[in-house]
Amino acid sequence: MNEITSLERRPEGGPGPIRRTALHDTLVTHLRDMIIEGDLPPGTRLHEGQLGEQLGVSRTPLREAIKYLASEGLVELVPSRGAVVKRFSAKDVHDMLTVLQTLEELAGRLACEAASDAGIAEVRALHDEMVNRYRAGDRLQYYKLNQQIHTAIAQLSGNAALADMHNVLQTRLKRIRFIGHEGSEKWAAAVAEHEEMIAALEAGDKAKLSEVLGRHLMNAWERVRDSV
């Protein structure tokens, strides 16, 4: 099992001491990003004392942040061993992507029927900024905007149960979806699929949007299957 050895701050703003403003949310976001980017790989044991010292926070808020990440499915609380970054098997990932694919296909159809012009415009704004981040080579911010787009489409469906289930699976797959953009060809292919998505949404073409979303999730498995 991996141990945390060094969390020095990176130039672009990575692990390191953090301010205590809105401490819980800041800690959750910070740790989640570390998991997504691979600073805390699957199987890493989260030692509260060591990690708290490296991040400049006490154990209590850190423990609460870890518990929150456990509720999201990114961290596993193992009896007698403590908190460990969740490791998903290839079957786990494939199963979750299969269900997520079905949810997004349905969300695409419903969104084209229920979405307001304002809601669609918000997705367009997210898409345009995501493409800007892609052109700048900013993978983490690109990824976060990418996930916001998928969340927004689920919410535009007008189906709260669908949106809730979608959120659970999307959260658990954060690290997996992030590594799906590794390599210029994979990343470019994902962006091209998003271009098709926004065009279909703006055209109100529910069959096309559903098809693109389904293909996007199927391709997501192909992009990550050799990495899980």
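# A guided tour of the helices and some buried residues

Begin by selecting Arg-32, which is buried, with a relative accessible area of 16%, and which lies in helix H1. The model on your screen is a predicted one, and this residue is a useful place to start looking around in it. If you show what surrounds Arg-32 and leave aside its neighbours within four places in sequence, you will find it in contact with Tyr-68, Leu-69, Glu-72, Leu-74 and Lys-174.

**Confidence along the chain**

Before going further, colour the protein chain by pLDDT, which averages 88 over the chain, with 91% of the residues scoring at least 70. Among the helices to pick out in this colouring are H5, residues 117-136, where confidence is highest at a mean of 98, and H8, residues 174-179, where it is lowest at 85. Then select residues 1-11, over which the pLDDT is below 50, although this stretch has 36 contacts in the model beyond near neighbours in sequence. Where pLDDT is low, the predicted coordinates should not be read in detail.

**Helix H1 against helix H6**

Return now to helix H1, residues 23-37, and select helix H6, residues 139-156, together with it; the two pack at an angle of about 105°, with their axes 12 Å apart. Because an angle from 65 to 115 degrees counts as roughly perpendicular, H1 is described as roughly perpendicular to H6. To see where they meet, show the side chains of Thr-29, Asp-33, Ile-36 and Glu-37 on H1, and those of Leu-140, Tyr-143 and Lys-144 on H6, which make the contact. Coloured by class, the residues of this contact divide into three nonpolar, one polar and three charged.

**His-181, in a loop**

Next, select His-181, whose place is in the loop between H8 and H9. Is this residue buried or exposed? At 8% relative accessibility, His-181 counts as buried, because the term covers anything under 20%. Not counting residues up to four places away in sequence, His-181 touches Arg-139, Tyr-142, Tyr-143, Asn-146, Trp-187 and Ala-190. A distance drawn from His-181 to Met-197, which is 16 residues away in sequence, should read 17 Å from C-alpha to C-alpha.

**Helix H5 against helix H9**

Select H5 and helix H9, residues 184-203, whose axes come within 11 Å and cross at roughly 160°. Since angles over 145 degrees count as roughly antiparallel, H5 is roughly antiparallel to H9, and H5 passes H9 in a left-handed crossing. On the H5 side, the contact is made by Ile-120, Val-123, Arg-124, His-127, Met-130, Val-131 and Tyr-134, while on the H9 side Trp-187, Ala-188, Val-191, His-194, Glu-195, Ile-198, Leu-201 and Glu-202 take part. By class, this contact of H5 with H9 has 10 nonpolar, two polar and three charged residues.

**Helix H9 against helix H10**

Keep H9 selected and add H10, which packs with H9 at an angle of about 165°, the axes being 9 Å apart. That angle makes H9 roughly antiparallel to H10, and the crossing of H9 and H10 is left-handed. Show Lys-186, Ala-189, Ala-190, Glu-193, His-194, Glu-196, Met-197, Ala-200 and Leu-201 of H9, and then Lys-208, Leu-209, Val-212, Leu-213, Arg-215, His-216, Asn-219 and Arg-223 of H10, to display the contact. The residues of this contact of H9 with H10 divide into eight nonpolar, three polar and six charged.

**Two residues of helix H10**

From that contact, select Leu-213, which is found in helix H10, residues 206-224, and which counts as buried at 1% relative accessibility. Which residues does Leu-213 touch, not counting residues up to four places away in sequence? They are Glu-104, Gly-108, His-150, Ile-153 and Met-197. Leu-213 and Arg-175 are 38 residues apart in sequence, and their C-alpha atoms are 19 Å apart in space.

The last stop is Arg-223, also found in helix H10, which counts as buried at 11% relative accessibility. Not counting residues up to four places away in sequence, Arg-223 touches Gly-180, Lys-186, Ala-189, Ala-190, Glu-193 and His-216. To end the tour, draw a distance between the C-alpha atoms of Arg-223 and Ile-176, which are 47 residues apart along the chain and are separated by 9.7 Å.

Key. Residues numbered from 1 in each chain as written. Predicted model: local features only at pLDDT ≥ 70, side-chain atom pairs only at ≥ 80, totals over all residues. Heavy atoms only, no water. pLDDT = per-residue confidence, 0-100. Helix = DSSP H or I, 4+ residues; strand = E, 2+ residues; numbered from the N terminus. Contact = heavy atoms within 4.5 Å. Axes fitted to C-alpha atoms, helices over the stretch in contact; angles between N-to-C directions. Parallel < 35°, antiparallel > 145°, perpendicular 65-115°, else oblique. Left-handed = near helix turned anticlockwise from the far one by under 90°. Nonpolar A, V, L, I, M, F, W, Y, C, P; charged D, E, K, R; others polar. Buried < 20%, exposed > 50% of the residue type's maximum accessible area, 1.4 Å probe, protein only.
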